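Me: I'd like a close look at one part of this model: the surroundings of the second ligand, and how they connect to the rest of the protein. Please take me through it in one go, starting small and working outwards.

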Amino acid sequence: MASRKLLLLPGDGIGPETMAEVEKLVTVLNETVSAGFTTEKALVGGSAYDAEGAPISDATMDLAMACDAVLFGAVGGPKWDGVDYDKRPEAGLLRLRKDMELFANLRPAICYPALADASSLKREIIEGLDILILRELTGGVYFGEPKEIIDLGNGQKRAIDTQVYETYEIERITRAAFELARTRRGKVTSMEKRNVMKSGLYWNEVVTRVHREEFADLTLEHELADAGGMKLVKNPKQFDVILTDNLFGDMLSDIAAMLTGSLGMLPSASLGAPDQTTGMRRALYEPVHGSAPDIAGKGLANPLAMIASFAMGLRYSFEMITEADALEAAIAETLDAGIRTGDIMAPGASQVNTSGMGDAVAERLRAKLS
Ligand code: NAD
Ligand code: IPM
Ligand code: MN
């Protein structure tokens, strides 16, 4: 039996509630197909700050570096609004991304047939939607220096964030985009703001060159990120892979979430480069949504984004393709059966709580794998 080490970082707010549902699925996989998952749990975010004085401890970072995959819930919340900037909950997630070098963030937006009416957009616009936002995750304005607030001494302050991209960072995310596009419909749409940003101009230049030199058989299109956002809502099915930077990717993926019906539906995978010798790569799987303080602790959270993130983990970290397909099919069948959390509730459907949704998926997964 293979041994597969998972580090579970439930985090804050609804994070622990949604992670509990993934733990049920880990048990199903161990019992049905002897998956050999072992799990370890640690604190991250505000809960780590409260207990350990930092949003992620060095010991937890060591665990993250040593495991086969990290499953991450969510961090943040109003409780930590006054905490020092460097110790805010979100800094724990950013350290994981940076130190694990998880530069490629895959955020697929798929409209499940049963949810075609749950979106705020018309059914015909989103029915059959299957797009992938590829967000650069370790560069750009999130990490560029200087990043500070300077007191100018005249009653004024200057707040600075710096958008930086170097050639290798754009090249590697571009290659990842085309490699993914090759397994899909063969089209990459790069989004930046070359009309106002030097980094956008250079992003466009590098993406164009990598396409010409290495992937000329595939299609490349460019959009200014603002117009791209508009087209994402107007006619999202025109896209296949959207390649974009850290900040635009953050915003465009929340927009894309609403095409699928709810932020509670959008999973993500954050991947590093494969190791030259072993082929293994560092990976973290997390939903796109946050800690949802407004619904935390009430059993209202939709766990499907967290569950679908785990399915991405089965696919990308463990090559458990049959099991990943089975889990995704179990999600679709649960939705087809009219089982809904409040965020995707529809007339005639049966409303369940977080745990009820997890049980419904786990039951279907068990039936498929037994
Ligand atoms: P959010 O994603 O937490 O919530 C936005 C809205 O979507 C809320 O109304 C919430 O109830 C709803 N929602 C989110 N996930 C849901 C789910 N699974 N089921 C049902 N409804 C869901 O974003 P926010 O309110 O802007 O941020 C709250 C906190 O989360 C902030 O501290 C923010 O920094 C943090 N955050 C963390 C992550 C992360 O840990 N990856 C991501 C985004 C935001
Ligand atoms: C996301 C989140 C994070 C981001 C925050 C919590 C740091 O919004 O993963 O989308 O901005 O990247
Ligand atoms: Mn975000």
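Reply: First, the sorting rule for what follows: Ala, Val, Leu, Ile, Met, Phe, Trp, Tyr, Cys and Pro count as nonpolar, Asp, Glu, Lys and Arg as charged, and the others, Gly among them, as polar. Also keep in mind that this is a predicted model. By that rule, the shell around ligand 2 splits into three nonpolar, two polar and two charged residues. Its members are G76, E90, L93, L94, D250, V288 and G290. Helix α4, residues 89-99, gives the largest share of that shell, with three residues.

Now bring in the other ligand. Ligand 1 has 21 residues around it, and those that come nearest are G76, G264, H289, G290 and N302. So much for the roster; sorted by class, the shell around ligand 1 has 10 nonpolar, seven polar and four charged residues. G76 and G290 belong to the shell of ligand 2, and they are also listed among the residues that come nearest to ligand 1.

D250 is a good place to step outwards. It sits in the shell around ligand 2, and it is also one of the residues that R135 contacts. Apart from its close sequence neighbours within four places, R135 touches N105, R107, T244, N246, G249, D250 and S253. R135 is in strand β5, residues 130-136, and it counts as buried because 26 C-beta neighbours lie inside 10 Å. R135 also has an annotation: an unreviewed UniProt entry lists R97, R107, R135 and D226 under "binding site". These four span 130 residues in sequence and their farthest two C-alpha atoms are 25.9 Å apart, so they do not all gather at one spot. D226 makes a nice contrast with R135. It is found in helix α8, residues 225-234, and with 12 other C-beta atoms within 10 Å, D226 is exposed.

Back to α4, since that helix also has a job of sorts in the wider layout. The protein is divided into domain 1 (1-103 + 272-370) and domain 2 (107-266). Taken over C-alpha atoms, the centres of the two domains are 23 Å apart. Where the domains meet, domain 1 puts in 21 residues and domain 2 puts in 23 residues. On the side of domain 1 that touches domain 2, α4, α10 and α11 each supply at least two residues. That side of domain 1 is made up of 13 nonpolar, three polar and five charged residues.

Helix α10 leads on to the core. The largest nonpolar core has 105 residues, and V70, L71, L134 and I307 touch the most other members. Its largest share, nine residues, comes from helix α10, residues 304-316. Both domain 1 and domain 2 give residues to this core, so it lies between them. As background, nonpolar side chains tend to be buried together in soluble globular proteins. To see one of those well-connected members up close, pick L71: beyond four places in sequence, it is in contact with L6, L8, L9, M19, V22, Y285, F310 and G313.

A few backbone details are worth a click while you're following these helices. In the loop between α4 and β4 (104-110) you'll find E101. Its phi is near 55 degrees, a positive value in a residue other than glycine. E101 is partly exposed, because 15 other C-beta atoms lie within 10 Å. Past the other helix, E319 lies in the loop between α10 and α11 (321-336). E319 has a positive phi too, about 50 degrees, although it is not a glycine, and with 10 other C-beta atoms within 10 Å it is exposed. Then there's the peptide bond from E145 to P146, which is cis, with omega near 0 degrees; P146 belongs to strand β6. For context, most residues other than glycine have a negative phi, and most peptide bonds are trans.

Just along from there, L152 lies in the loop between β6 (144-151) and β7 (157-162). L152 is a nonpolar residue, yet it counts as exposed, because it has 8 C-beta neighbours inside 10 Å. Its contacts beyond four places in sequence are K157 and R158.

Conventions:
Residues are numbered from 1 along each chain as its sequence is written. Chains are lettered from A and ligands numbered from 1 in the order in which they are written. This is a predicted model: local features need pLDDT of at least 70, side-chain atom pairs count only at pLDDT 80 or more; totals for chains, interfaces and linings use all residues. A residue is near a molecule or strand if its C-beta atom, placed from the backbone, lies within 6 Å of it. Helices (H or I, at least four residues) and strands (E, at least two) are DSSP runs, numbered from the N terminus. A residue is buried if 20 or more other C-beta atoms lie within 10 Å of its own, exposed if 12 or fewer, and partly exposed in between; C-beta atoms are placed from the backbone. Two residues are in contact if their C-beta atoms, placed from the backbone, lie within 7 Å. A nonpolar core is a set of buried Ala, Val, Leu, Ile, Met, Phe, Trp, Tyr and Cys residues joined through C-beta atoms within 7 Å. Domain bounds come from an automatic or database domain assignment. UniProt positions are given in the numbering used here, feature names are shortened, and annotations may be inferred rather than shown by experiment.
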